[in-house]
Amino acid sequence: MKKGLIALIVLGILAFGIYQWAVGFNNTAVEYEADAKTAWSNVESAYQRRNDLIGNLVKTVQGAADFERGTLTDVIEARAKATATNIDANNLTPENMARFQEAQSGLTGALSKLMVVVERYPDLKANQNFLELQSQLEGTENRINVERNRYNEKVNIYDIHTTKFPGKLLAGMFGFQEMARYQADAGSENAPDVEFDFN
């Protein structure tokens with residue numbers, strides 16, 4: 001009878017230890033997942049700031065005489081597409097991340113084209129509103145990069161926690177899945193060709 005009681009106590013202690021470990025794993029995973037989702041919200045917030053600034057930039061540029069309307073139209077359309085492409089923080093799949101990133105890259109390309117065209121308009125380049133908006137956009141692009149890096153750091157912490165053994169066993173049971181990281185645009189690993197044409 002004593003041996004049975006001792007075995008029952010040992011099993012109870014073992015079960016309680018496993019329970020404590022599982023609860024600790026789950027709570028830590030929930031915390032790390034929430035941190036990653038918050039970091040994603042900060043990425044979206046930085047992109048929203050850029051979209052808001054672009055609206056003001058377009059209005060300023062529209063005031064320039066004889067400005068190329070096609071370039072502005074491209075920026076306006078790319079901005080509309082970028083703002084329409086959102087991801088729910090609970091659904092950060094690689095596919096959704098790729099869609100979001102593609103829309104943002106389209107806006108970045110259209111904005112770069114706009115800045116190149118602006119070079120032909122000295123009055124616009126000297127416009128104080130334009131200069132201020134251009135400066136804010138540059139700062140926002142840096143902020144976007146910082147927030148994307150912070151997001152990836154948070155996802156890394158979460159993914160390590162949920163994919164290392166033995167936590168991986170519990171992650172599947174509790175429904176924790178690997179989160180998608182923000183990746184560089186395709187082809188960005190190649191240095192761009194820079195040509196100066198002084199003619």
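**Exercise 1.** In this predicted model, find which backbone oxygen lies 2.9 Å from a polar atom of the Thr 85 side chain, and decide whether Thr 85 is buried or exposed.

*Solution.*
1. The backbone oxygen in question belongs to Lys 81.
2. Thr 85 itself sits in the loop between α2 and α3.
3. Leaving aside residues up to four places away in sequence, Thr 85 touches Arg 99, Phe 100 and Ala 103.
4. The relative accessibility of Thr 85 is 11%. Buried means under 20%, so Thr 85 is buried.

**Exercise 2.** Locate Asn 90, classify its accessibility, and identify the side chain with which the Asn 90 side chain makes a polar contact.

*Solution.*
1. Asn 90 is in the loop that runs between α2 (69-84) and α3 (94-118).
2. Its relative accessibility is 58%. Exposed means over 50%, so Asn 90 counts as exposed.
3. The polar contact, at 2.4 Å, joins the side chain of Asn 90 to that of Lys 37.
4. For Asn 90 and Glu 33, the C-alpha to C-alpha distance is 9.5 Å, with a sequence separation of 57 residues.

**Exercise 3.** Place Ile 9 in the secondary structure, assign its exposure class, and name the residues that make the nonpolar surface patch of about 420 Å².

*Solution.*
1. Ile 9 belongs to helix α1, which covers residues 2-62.
2. The relative accessible area of Ile 9 is 47%. This value falls between the cut-offs of 20% and 50%, so Ile 9 is partly exposed.
3. The patch is made by Leu 5, Leu 8, Ile 9 and Ile 13.
4. Patch residues need over 30% relative accessible area, and Ile 9 has 47%.

How values were computed:
Residues are numbered from 1 along each chain as its sequence is written. This is a predicted model: local features need pLDDT of at least 70, side-chain atom pairs count only at pLDDT 80 or more; totals for chains, interfaces and linings use all residues. Side-chain values use heavy atoms; hydrogens and water are left out. Patches are made of residues with over 30% relative accessible area and no salt bridge: like charges are joined within 9 Å, nonpolar side chains (Val, Leu, Ile, Met, Phe, Trp, Tyr) within 5 Å. Accessible areas come from the Shrake-Rupley method with a 1.4 Å probe; for residues, only the protein chains shown count as cover. A salt bridge is a side-chain nitrogen of Lys or Arg within 4 Å of a carboxyl oxygen of Asp or Glu. Helices (H or I, at least four residues) and strands (E, at least two) are DSSP runs, numbered from the N terminus. Buried means under 20% relative accessible area, exposed over 50%, partly exposed in between (1.4 Å probe, protein chains only). A polar contact is a pair of N or O atoms within 3.5 Å; within protein, one must be able to donate a hydrogen and the other to accept it, and residues adjacent in sequence count only if both atoms are side-chain atoms. Contact means heavy atoms within 4.5 Å.
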